[in-house]
Amino acid sequence: MEKKRKRIALATSRIYDPQTFSFIANLNETLKVHDCALLVFAINSDIYWDESLLTAEAYVYNLIPYDDIDLVIIMDEKIKSHTVSDEIISKAESHNLPVIVIDGKYENSHNICFDYDRGFEQIVRHMFEHHQVKRPHMIAGLPANPFSDARIRIFMKILEEKGIPFDDSMLSYGYFWADPAREATEKLLQRPELPDAIICANDIMAINVCDVLKAAGISVPDQVLVSGFDGFDEVNFTSPMISTVSCNTTLLASSAAKMALDCLENKPVEDVYIIPELIPNESCGCPAHMDRSHTRISSFNNSFYRHQDDARVLYTVSSNMEISGTPEEMAQSIKNYKTNDCLCVVDQKCFDSEKNYFLLPEEETNAKNLHLIFDSAYAETHEEAAPPSVKETPNPFENVLAGDYRDRILELTESGYPVIFNSLDYMNQPLGFICFYFRGYIITDYARSASVTNAISMGIGGYINLRHQRALLQKVDEMYRHDALTDLYNRIGFNKIFEAEMKKKENLNKPITIIMSDMDGLKYINDNFGHADGDRSITAVAKALMDSCPEGSLSARFGGDELFSVIIGDCDADGIIKKIDEHLLEYNRISDLPYTVTTSCGYYTTNLDSEFDLMKVLRLADERMYDIKKTKRMRKEIPGY
């Protein structure tokens, strides 16, 4: 398909977060006016700057098609991983692509950032200068974290300006999260005197500080003032509402769009720094900042309650995928009203039932052969959406614009809406990717994408494991039912399958023939040439028996060198025995052994009716076989006699 639009890749996380959602919508609306398409590569969890937490879902960033895009935008503060950002920047640089980093600062990139230091200084000064705080306490984030350390320095600077000596008792660490912040607040409650203000390094900690204080009977703000930082939507649904500084990522969208367009037109570009907005609120004693409108509450409720049945429905999708019998059936099981507007691309090696994909060496799973297995728009009629099991064409490229899905995704980029990619992964092993192509900006659709990704990942992963287990069980069952030396049925295997044949109505009153075979001179071969040669000779006779009997015959070895075949229906038993002899004659000619492999055969034919007695017929066929062997012995045709 001919390229029509400029293509911009956006690397981010949690597209259902209201700020990220709004950023994507605003960015795309500006870009599409200028004939640009947005491809969004997202994980559904934050890495929190801990590079040891890099999980398989980060594989989605490896799928950015650098040869087919014109620019990369990275939402660094949303991904929270320098490793990921550095790798994307490096790959983009090797393809001579400009990179814009949102809320972060890297070399070889253009940067759009909030001035967090000036933003945090606003809220701290507000607490000191507007509310005359005298005994402040700060709950910082992670120890040795650059964002946390910068906010500590600002706190200490303003303390010094106000002539308030700093000591270690004025600082706790809440790790930017709920439980550590609650623990820090509980320790403050054990002190003989509470601070008159608790200044938190982010909103999550401020919300939990207020909750612990209220539970202890401490009034906020009458007894203790509390402030946060970040401007999360959650602060509008607390009581009291939290004083904060809005670092709403949506505010960066217009700057990002302008910078992107300037880059594409090769215009000069300078880094942009935006000062966050101070939002005084109830928790510091200011009047309520009325952003808690009925419209916002309605939207919030709609996001979390209208789709509360997602888990139940998607669990059924996953379960149906896992228990599917074939890759085709598994792919069709994805179809559901909850999985609309998506397509799935999976590594073809996943469907090799002989191997467990999750136990393969790393070098085998690193190089993926990606193929389209499902497209909700064509789930029943689109031939290209066939499972990888039926694909023979290798796909040497590992990105979202390669293989048998390239034209389809290029078609989707022409829609005017973002095309969103998540990694499909199971047991921390990436399997491929899922592409969402929503026709509109509805946050509940974006929220549903994470659940759909997880459900389909679980379904594919469960199917792979279960199919491999079935293959192993089948192998064990085959080993259990078959004689290890000859591959004929053993006694247990034969009895089971023969009982099934006996119950088939179409076999009732049909002729049934038992051909017994007993190798000639086995003891002579064992004594003179060894048991290995004896076993090889038994195997040769077994193969002669199987190859000579018609298709559908049941051949078994109950022990030693006594073999037999059961043939249901008309047959030429004498002709079969002749074929067995001819087969062994040819075997002896080709093998050129110092001994001759032969067998004696006898047969008995009767009807398969209600009076049929297998053991009786086996005995009759055995008697005829021994009559033939006796004749051979008398003629000294068997070695050792």
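**View 1. The ten-stranded open sheet of the predicted model.** Ten strands (DSSP runs of E, at least two residues, numbered from the N terminus) build an open sheet of mixed pairing in the order β11-β5-β4-β3-β1-β2-β15-β16-β13-β14; two strands count as paired if DSSP finds at least two bridges between them. At the edges stand β11 (272–274) and β14 (370–375), each paired on one side only. Neighbouring strands are turned by 20° against each other on average, direction ignored; axes are lines fitted to C-alpha atoms, for helices over the stretch in contact, and angles run from 0 to 180 degrees between N-to-C directions. This is a predicted model in which local features need pLDDT of at least 70, side-chain atom pairs count only at pLDDT 80 or more, and totals for chains, interfaces and linings use all residues. Residues are numbered from 1 along each chain as its sequence is written, and side-chain values use heavy atoms, with hydrogens and water left out.

**View 2. Pairing of β13 with β16.** Strands β13 (residues 342–347) and β16 (residues 429–436) pair in the antiparallel sense over five bridges. Opposite L343 stands C435 in β16.

**View 3. Helices on the ten-stranded sheet.** Helix α1 (residues 18–33; helices are DSSP runs of H or I, at least four residues) lies across β1, β2, β3 and β4, at about 160° to β2; contact means heavy atoms within 4.5 Å. Helix α8 (residues 253–264) runs at about 170° to β5.

**View 4. The four-stranded sheet.** The order β7-β6-β8-β9 describes an open sheet of parallel pairing. Because β7 (171–173) and β9 (225–227) each have a single partner strand, one side of each lacks a neighbour in the sheet.
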